[in-house]
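Student: I would like to learn how to read the features of a structural model, taking them one at a time. Could you walk me through a case?

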Amino acid sequence: MRRRALKGGSAGWLLLTGLGVAYVVSGDFSGWNLGLAEGGFGGLAIATLLMGAMYACLVFSLAELSAILPTAGGGYGFARRALGTWGGFLTGTAILIEYILAPAAISIFIGDYVESLNLFGLDAGWPVYLACFAIFIGIHLWGVGEALRFSLVVTAIAVAALLIFAVGAFTEFDSSGLNDIPVQEDAFGSNSWLPYGLLGIWAAFPFGMWFFLGVEGVPLAAEEAKDPVRSMPKALSISMGILVLLALITFFAATGARGSAAVMEAGNPLVVALQGDGEPTALSRFVNYAGLAGLVASFFSLIYAGSRQLFALSRAGYLPRFLSLTSSRKAPYLGLLIPGAIGFALAAGSGNGGRMLNVAVFGATISYSLMALSHLVLRRREPGLHRPYRTPGGMLTSGVAFVLALSALVATFLVDKDAAFIALGVYVVALAYFAFYSRHRLVAAAPEEEFAALAAAEDELKRD
């Protein structure tokens, strides 16, 4: 276990808050607008409201769980205690699918930005993908404190750019443009605000998630945090509040400035909202470059999250144990390099960032369901468990997160069936590995396993 130790005390609540926002901020610059083509302004607005409620409820549930078990296992550790080894592995695998596929997709988007901005004279994507993985994994290998400070700076630039964009876009706000998408008369319940009908709300769920996707990864930094019992709930709450504000102003500013129809299929909706089909302005150029900063922030932080989840699963024996070895600077170097190599290969081989993000969203919704269920089970089964932080609303809060997460999971089949089945295929392979090999080789000394074993022993004493 000494060869598998992370550097504790490296991140206070500010760096953790920055990490929470960094996971998500790229989603404000692009991606969410595709939901307008599924549900229109009204459908996406309702979907975003419901998904925001899901994330808020989930974040408050995770704040309680992370204070109970502040380890690098995050969602896997919570589910391991509540749902057993199978539940822990199912949750951890779903999180890995999200955090390995999402950086690969974002590297493709970074390549598109670099090409569109004509940076470095590059007109092909793979050199950019390679540079992204090589440079940013290198920073992570340097040390977690340096990595999180870099992430905070880039995230602050991206957030400032969103606020500046909103100021410029709101000067051209016209409410008549919000519902300018043609109504599909054959869609049930369709009207000017719901041009694709009531089903469009459900189909827009995955895109409403883009304003918040990834914030649940903050607990993965627990072993490297200062006073995680206090700092983790604080960071989760503040980062969620910031993301809600950014989602609100970005959504209304972009659609109101140019109209929903103009931005619903744009690869760079904020730039389109500012300049339309006209010549670039100083503000649109600034936002275009800042969008690259947002993508870098999310790419960088998601690499961190994926490495910590892989580290925790490997340390406990669910995955090959050598993946959890750490360097002299306490960085899980193989947990960074191997997912990075996989991500680069996926990005260079497919070039389909949208498909990979849809696979990531499918994995995310499974993990949300299982993490919310873990909170419900622990509240019901172990009401006397010491809880330094208690979720406002208790089981009602995690119950809402559970129901909405299941709804979002089903909605992924409405948007991209192929992506959903790809994710299921990965799941089947991973479960076969666990069933026939790794579940017989778990490491009892891993923190998450020790915590679960202690609970089992206490239950046995109570029965005796």
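The dialogue below takes up a bent helix, some backbone angles, aromatic pairs and a surface patch.

Tutor: Before we begin, keep in mind that this is a predicted model.

Student: Let me start with helix α4: how many residues does it have, and how far apart are its end C-alpha atoms?

Tutor: The general idea is to set the end-to-end distance of a helix against the span expected at 1.5 Å a residue. Helix α4, residues 75-116, has 42 residues, and a straight helix would reach 62 Å, but here the end C-alpha atoms are only 38 Å apart.

Student: Where is the kink in α4 centred?

Tutor: The kink is centred on L83, and its angle is about 150°.

Student: Is α4 largely enclosed or open to the outside?

Tutor: Burial is judged residue by residue, with under 20% relative accessible area as the cut-off. In α4, 34 of the 42 residues are buried, so the helix is largely enclosed by the rest of the structure.

Student: What is the sign of phi at N118, the residue given as following α4?

Tutor: Phi of N118 is positive, near 60°. Two further positive values, each in a residue other than glycine, can be read in loops: phi of D227 is near 45°, and phi of K330 is near 65°. D227 is placed in the loop between α8 (205-208) and α9 (228-258), while K330 lies in the loop between α12 and α13.

Student: How should I describe the accessibility of D227 and of K330?

Tutor: A residue between the cut-offs of 20% and 50% counts as partly exposed. D227 falls in that class because its relative accessible area is 44%, and K330 does so with 31%.

Student: Turning to aromatic rings, how many pairs does a search of the whole structure find?

Tutor: The search finds 26 aromatic pairs. To classify a pair, one looks at the distance between the ring centres and at the angle between the planes, where over 60 degrees counts as edge-to-face. The rings of W32 and F251 have centres 5.6 Å apart and planes at 85°, so this pair is edge-to-face. It links distant parts of the chain, since W32 is in the loop between α2 (26-29) and α3 (36-68) and F251 is in helix α9, 219 residues apart. W32 counts as buried at 0% relative accessibility, and F251 counts as buried at 4%.

Student: How are the rings of F136 and F300 arranged?

Tutor: Their centres are 5.8 Å apart and their planes are at 90°, so this pair is also edge-to-face. F136 belongs to helix α5 (residues 126-142) and F300 to helix α12, 164 residues apart, so the pair again links distant parts of the chain. F136 is buried, with a relative accessible area of 11%, and F300 is buried as well, with 1%.

Student: Which residues form one aromatic cluster?

Tutor: The cluster includes both partners of the pair described earlier, W32 and F251, together with F41, Y55, W193, F211, F212, F252 and Y368.

Student: Finally, which residues make the nonpolar surface patch?

Tutor: F322, L337, I338, I342 and L346 make the patch, which covers about 400 Å². F322 is placed in the loop between α12 (282-315) and α13 (333-350), and its relative accessible area of 45% makes it partly exposed.

Notes
Residues are numbered from 1 along each chain as its sequence is written. This is a predicted model: local features need pLDDT of at least 70, side-chain atom pairs count only at pLDDT 80 or more; totals for chains, interfaces and linings use all residues. Side-chain values use heavy atoms; hydrogens and water are left out. Patches are made of residues with over 30% relative accessible area and no salt bridge: like charges are joined within 9 Å, nonpolar side chains (Val, Leu, Ile, Met, Phe, Trp, Tyr) within 5 Å. Accessible areas come from the Shrake-Rupley method with a 1.4 Å probe; for residues, only the protein chains shown count as cover. A salt bridge is a side-chain nitrogen of Lys or Arg within 4 Å of a carboxyl oxygen of Asp or Glu. Helices (H or I, at least four residues) and strands (E, at least two) are DSSP runs, numbered from the N terminus. Buried means under 20% relative accessible area, exposed over 50%, partly exposed in between (1.4 Å probe, protein chains only). The expected span of a helix is 1.5 Å times one less than its number of residues. The bend at a residue is the angle between axes fitted to the seven residues ending there and the seven starting there. Rings of Phe, Tyr and Trp (its six-membered ring) pair if their centres lie within 6.5 Å; planes under 30 degrees apart count as stacked, over 60 as edge-to-face and the rest as tilted.
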